[in-house]
Amino acid sequence: MPNLTKELFLNAIECPLRAWFMFRGEGAVAPTLAEQFRMEQGLDVHRRARSRYPDGMSAARAGIEEAAARTQELMADAAVDAIFEATFVTGEYATRADVLTRSGDAWNLIEIKSSVNDKPELIDDLAYTAMVMQRTGCTIASAALLLVSRDFRLGMEDRDLFASYDHTDDVRTRVTEFSALANRVAESMRGEARPDGPLIKECRDCSFFVTECLGAGVTHPIFDLTRLTGPRFERLADAGIVSVNDIPADYELTATQERVRGVIVSGEPEIGAGLGNALAEVEWPTYYLDFETFATAVPVYPDIEPYRTIPMQFSVHVCAALGDVSAHHEFLAEPGGDPRRGLAERLVEALGTDGSIVVYSSYERRILNDLASVCPDLAERLEGFVSRLFDLETVFKQHYTHPDFHGKTSIKVTVPALVPEMSYDGMEIGDGDSASACFAFMVWGRYGAGEVTDVRRNLLAYCKHDTLAMVRLHERMVQIAYG
């Protein structure tokens with residue numbers, strides 16, 4: 001069997017069963033477009049980070065044993081001050097250090113991440129590598145994260161892309177904790193006996209939970225309850241309660257959670273008394289608006305910080321009356337320059353001067369406010385659009401609960417339940433993360449001319465589908481409210 005990796009070890013600490021399946025290659029699927037985008041960003045950030053160590057030597061080799069041997073050769077060469085992809089293998093475990101720099105007879109361990117946030121889980125990444133290094137007899141002088149700096153702008157040197165965060169003390173504490181678990185984790189992973197899977201909050205997003213673990217066959221796991229965290233979750237987990245239907249009737253829940261439980265137990269949706277009044281606030285003509293955006297770790301336009309959200313596309317369906325589509329407007333930027341000015345100008349043309357602007361979530365409000373800040377001559381019109389917004393998702397949050405929503409209210413949940421003919425299934429691009437990734441790939445020049453034509457067509461189809469889905473969802477909600 002192969003060596004245990006950082007991913008397996010850290011997963012095993014949270015859930016031995018999930019790691020056990022992963023170790024055996026079960027549940028592996030091809031990465032999504034969004035995951036490919038994140039991986040490419042990570043590789044690009046790693047490449048740029050090496051500019052900080054111009055004399056660094058790479059230990060990377062095709063095989064892990066060969067890479068580990070090359071690492072030892074480089075560490076033994078006093079003329080080598082920095083090593084990339086230093087590889088260590090000991091017993092059951094293996095790891096690669098992004099960067100090692102020499103500090104006398106010891107080494108400074110540096111982990112490169114494409115995040116701008118110094119998060120606790122990143123310290124665990126460092127600590128695992130430090131643990132394996134120490135088990136090979138390597139002395140670590142310091143441990144630090146090299147993250148993307150919020151102050152970086154297009155045109156700066158690659159070395160200026162980064163901010164360093166020292167976590168030596170935190171890492172040493174975690175290494176002690178990890179070392180105490182290492183043998184038990186290895187034994188569990190390599191054992192033929194399937195370990196137990198605990199009920200933890202991470203089960204919510206685990207594919208094994210619903211196929212191989214406690215959630216198998218459970219239609220409404222307790223994760224359907226909105227914002228089930230802290231003591232409420234822990235008490236249910238300690239009692240072994242997995243299904244919403246098994247929660248005791250006198251168990252204290254929030255008002256929203258109680259509504260969700262109620263519709264799950266009854267099997268019938270709950271229609272709030274205020275649904276009709278809420279929908280009556282919509283003024284005609286009505287404009288159904290959706291933006292698509294993207295963000296990159298390394299800015300692609302001037303005066304943009306890392307991960308700045310840039311709107312690159314919109315769709316607007318115009319209705320003179322409920323369900324009566326009279327026009328459709330759309331915009332998709334060319335990838336060559338900052339699209340916000342052109343998008344804002346087209347938006348001013350598309351949204352008219354009166355009538356409600358129906359959106360789904362508060363996201364469009366944020367984008368409009370941002371556009372107003374970068375297009376001051378259009379600010380009055382853009383801010384006027386904000387005052388006309390009507391958030392259809394708020395209607396669901398406050399006035400309508402359905403068992404098939406599973407405690408959520410996103411459009412990807414409400415549309416299949418209420419307007420199944422508007423399903424996103426089968427679309428080439430069927431979610432916002434994929435749309436963002438595709439546009440970023442265009443900006444990076446990843447597609448040929450023919451591919452760009454197809455991608456643009458798919459992006460336009462997806463955004464158009466979103467706003468037409470809102471039109472039909474609005475119709476359906478009026479039917480529910482008034483019969």
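Two strands are said to pair if DSSP finds at least two bridges between them, and that idea will guide much of this tour through a predicted model.

**The whole protein**

Begin with everything selected, so that the overall frame is clear before any detail. The protein has 483 residues, of which 49% are buried, and its chain forms 17 helices and 13 strands. Taken along the principal axes, the C-alpha atoms fill a box of roughly 75 × 60 × 40 Å. The exposed surface comes to about 22500 Å², with carbon and sulfur atoms supplying 48% of it. Among the contacts with a separation of 6 or more, 68% are between residues 24 or more positions apart.

**The six-stranded sheet**

Next, select strands β1 to β6, which make up an open sheet in the order β1-β2-β3-β4-β5-β6, with mixed pairing. Which strands stand at the edges? They are β1 (57-58) and β6 (162-166), and because each has a single partner strand, one side of each is left without a neighbour in the sheet.

**From β2 to β3**

Now narrow the selection to β2 (82-90) and strand β3 (residues 93-103). These two strands run antiparallel and are joined by eight bridges, and one pair to pick out is Thr 90 with its bridge partner in β3, Tyr 93. The two strands form a hairpin with two residues between them, and in the turn you will find Gly 91, which has a positive phi of about 55°. While β3 is still highlighted, notice that this strand is mostly covered, with eight of its eleven residues buried.

**From β3 to β4**

Keep β3 and add strand β4 (residues 106-112), which pairs with β3 in the antiparallel sense over five bridges. Leu 100 has Leu 109 of β4 as its bridge partner, while Ser 103 stands opposite Ala 106 in β4. This hairpin, too, has two residues between its strands, and Gly 104 takes a positive phi near 65°.

Is β4 mostly covered or mostly uncovered? Strand β4 is mostly covered, since seven of its seven residues are buried. In a regular strand the side chains alternate between the two faces of the sheet. With side chains shown for β4, you can follow Ala 106, Asn 108, Ile 110 and Ile 112 pointing one way, and Trp 107, Leu 109 and Glu 111 pointing the other way, all of them buried.

**From β4 to β5, and a helix across the sheet**

Strand β5 (residues 140-148) should be selected next, and here the pairing with β4 is in the parallel sense, over six bridges. To locate it on screen, pick Ile 112 and its bridge partner in β5, Leu 146. Then add helix α5 (residues 120-135), which lies across β2, β3, β4 and β5 and runs at about 90° to β3.

**Two crossing helices**

Two packed helices are described by the angle between their axes and the distance between the axes. Select helix α1 (residues 6-14) and helix α6 (residues 168-190), whose axes come within 10 Å and cross at roughly 95°. Angles of 65 to 115 degrees count as roughly perpendicular, and so α1 is described as roughly perpendicular to α6. On the α1 side the contact is made by Phe 9, Leu 10, Ala 12 and Ile 13, and on the α6 side by Phe 178, Leu 181, Ala 182, Val 185 and Met 189. Sorted by class, this contact has nine nonpolar residues, no polar residues and no charged residues.

Staying with α1, colour Lys 6, Leu 8, Phe 9, Leu 10, Asn 11 and Ala 12, which are buried. The buried residues of this helix pack against α2 (16-23), β3, β4, α5 and α6, a list that includes elements you have already visited.

**A last stop at Thr 71**

Finally, go to helix α4 (residues 64-76) and pick Thr 71. How much of Thr 71 is accessible, in relative terms? Its relative accessible area is 0%, and therefore Thr 71 is buried, buried being under 20%. Leaving aside residues up to four places away in sequence, Thr 71 touches Ala 59, Ile 83, Glu 85, Ala 86, Thr 87 and Phe 88.

Note on methods: Residues are numbered from 1 along each chain as its sequence is written. This is a predicted model: local features need pLDDT of at least 70, side-chain atom pairs count only at pLDDT 80 or more; totals for chains, interfaces and linings use all residues. Side-chain values use heavy atoms; hydrogens and water are left out. Axes are lines fitted to C-alpha atoms, for helices over the stretch in contact, and angles run from 0 to 180 degrees between N-to-C directions. Helices (H or I, at least four residues) and strands (E, at least two) are DSSP runs, numbered from the N terminus. Angles under 35 degrees count as roughly parallel, over 145 as roughly antiparallel, 65 to 115 as roughly perpendicular and the rest as oblique. Contact means heavy atoms within 4.5 Å. Ala, Val, Leu, Ile, Met, Phe, Trp, Tyr, Cys and Pro count as nonpolar, Asp, Glu, Lys and Arg as charged, and the others, Gly among them, as polar. Buried means under 20% relative accessible area, exposed over 50%, partly exposed in between (1.4 Å probe, protein chains only). Accessible areas come from the Shrake-Rupley method with a 1.4 Å probe; for residues, only the protein chains shown count as cover.
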